[in-house]
Amino acid sequence: MNTHLRRAAVAVAAVSMAAGLAACGSAKEAGDNGGKKKDKSGPLTIGLLLPENQTARYERFDRPLMEKKIKELAGSDTKIVYENAKQDPSVQQQQVDTVITKKVDALILDAVDAKSIASSVKKADDAGIPVVAFDRLAEGPIKAYTSVDNERVGKIQGESLLKELGDKASKGQIVMMNGSITDPNAKSYKNGAHSVLDGKVKIGREYDTKEWKPENANQNMKGAIASLGKDNIVGVYSANDGMAGGIITALKGAGYSKLPPVTGQDAELAAVQRILSDEQFMSVYKPYKPEADAAAEMAVALAKGKSLDGVAKSTVDSGTAKKVPSIIVTPFALTKADIGKYVGKEGFFNLDEICTAKYKGQCDKAGLK
């Protein structure tokens, strides 16, 4: 290991413990780098690895927001090495090797598979590159983490669904369409939803959807309809918007005169338009800017060998790392009545994007003008 990388490794070895008090303890317990700056000349280089491009949020919001914030914090000459794994964990492992070869000063990583990426995180750490886990809690020696309150997401979805069902909750069954088992967030969403739904409604069928793919959710939903009978399904818990789209296609194909309420998450443009059209009942709006800004702030601080004391206010434990400095963002329910609150805000869509000619009538009815 060369001199610069050795200094970086020493500088970040204790930063993950410097995030103040949280339920799981003080991050300072594992040491402190003393706020020493990294001995480096020239602009910083930050790696940014995102997991897939099927979910619109990554390319539409996360990437540009993080890139903008990184340059605001570290200077316009900061180099950003960006790759998208397109839902392939082996490709993402190769991309980690690439950013290590390019000697980035810090890496922001949204893992395709949180467990299998652990060895790659260790490679980066061994090379003196601190890794910030973004949105999904990757395993391995990560130095920081930011996401939304994922269990709260599931609770919001479950609470919204129960409220919409009303007395129908006791007169039929729901289908639960959870996310991919390779994503630790999917488990949190599921746990949150179950904490609200269990005992309040009968769950007729439940699926863990491979790779979060809409087409897999579509096939699962067709199977549920065939098994339970369409008249017995009063609602569908969908963990995200992409799957909700596949589910709604299956429901339409089954000939429902009125679609049962379907939940979602991510407030994708297509989902917002489906909500306006009364096809999808709700989504969950996760403020992308605070999450992206947090990742950028932690990555730049770590790249410079600085403490995260003034940035991260809590800690979390992963399967392999303890007391990781963390920033957790609060999510919000998004129904038709909520859309107007967010239109045009950074991290959401503007009126022209939402209210195309096809949806002008629905926008007018919703007061979006």
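**Two sheets and two helix pairs**

In this structure, the axes of helix α5, residues 150-165, and helix α6 come within 6 Å and cross at roughly 40 degrees. Colleagues, I should state at the outset that we are looking at a predicted model. With that understood, let me stay with this helix pair.

The two helices, α5 and α6, are therefore oblique to each other. As for handedness, α5 passes α6 in a right-handed crossing. Which residues make the contact? On the α5 side they are Asn 150, Glu 151, Val 153, Gly 154, Lys 155, Gly 158, Glu 159 and Leu 162. On the α6 side they are Asn 185, Ser 188, Tyr 189, Asn 191, Gly 192, Ala 193, Ser 195, Val 196 and Leu 197. Sorted by class, this contact of α5 with α6 comprises 6 nonpolar, 8 polar and 3 charged residues.

Let me now place α6 in its chain context. Strand β6, helix α6, which spans residues 184-197, and strand β7 together form a β-α-β unit, and this unit is right-handed. The strands of that unit, β6 at residues 173-178 and β7 at residues 202-208, pair in the parallel sense over 6 bridges. Within this pairing, Met 177 has Tyr 207 in β7 as its bridge partner, and Asn 178 stands opposite Asp 208 in β7.

These strands belong to an open sheet of 3 strands, ordered β7-β6-β8, with parallel pairing. Which strands form its edges? They are β7 and β8, the latter at residues 233-238, and each of them pairs on one side only. From one strand to the next, the twist of this sheet averages 15 degrees.

Two helices lie across strands of this sheet. Helix α5 lies across β6 and β8, and runs at about 165 degrees to β8. Helix α8, residues 241-253, also lies across β6 and β8, and its angle to β8 is about 155 degrees. Angles over 145 degrees count as roughly antiparallel, so α5, at about 165 degrees, is roughly antiparallel to β8.

I turn to the other sheet. This is an open sheet of 7 strands with mixed pairing, in the order β2-β1-β3-β4-β5-β11-β10. Its edges are held by β2, residues 79-84, and β10, residues 314-316; each has a single partner strand, so one side of each is left without a neighbour in the sheet. Here the twist averages 25 degrees from one strand to the next.

Inside that order, strand β3, residues 106-109, and strand β4, residues 131-134, run parallel and are joined by 3 bridges. One residue pair may serve as a reference point: Ile 108 has Val 132 in β4 as its bridge partner.

Finally, a second helix pair. Helix α2, residues 57-74, packs on helix α10, residues 288-303, at an angle of about 45 degrees, with the axes 8 Å apart. These helices, α2 and α10, are therefore oblique to each other, and α2 passes α10 in a right-handed crossing. From α2, the contact includes Arg 57, Phe 61, Asp 62, Leu 65 and Met 66, among others. From α10, the participants include Tyr 288, Lys 289, Glu 291, Ala 292 and Asp 293. How many residues of each class does this contact have? The contact of α2 with α10 has 11 nonpolar and 7 charged residues, and no polar ones.

How values were computed. Residues are numbered from 1 along each chain as its sequence is written. This is a predicted model: local features need pLDDT of at least 70, side-chain atom pairs count only at pLDDT 80 or more; totals for chains, interfaces and linings use all residues. Side-chain values use heavy atoms; hydrogens and water are left out. Two strands pair if DSSP finds at least two bridges between them. Helices (H or I, at least four residues) and strands (E, at least two) are DSSP runs, numbered from the N terminus. A crossover is right-handed if, with the strands pointing away from the viewer, the path from the first strand over the helix to the second runs clockwise. Axes are lines fitted to C-alpha atoms, for helices over the stretch in contact, and angles run from 0 to 180 degrees between N-to-C directions. Angles under 35 degrees count as roughly parallel, over 145 as roughly antiparallel, 65 to 115 as roughly perpendicular and the rest as oblique. A crossing is left-handed if the near helix is turned anticlockwise from the far one by less than a right angle, and right-handed if clockwise. Contact means heavy atoms within 4.5 Å. Ala, Val, Leu, Ile, Met, Phe, Trp, Tyr, Cys and Pro count as nonpolar, Asp, Glu, Lys and Arg as charged, and the others, Gly among them, as polar.
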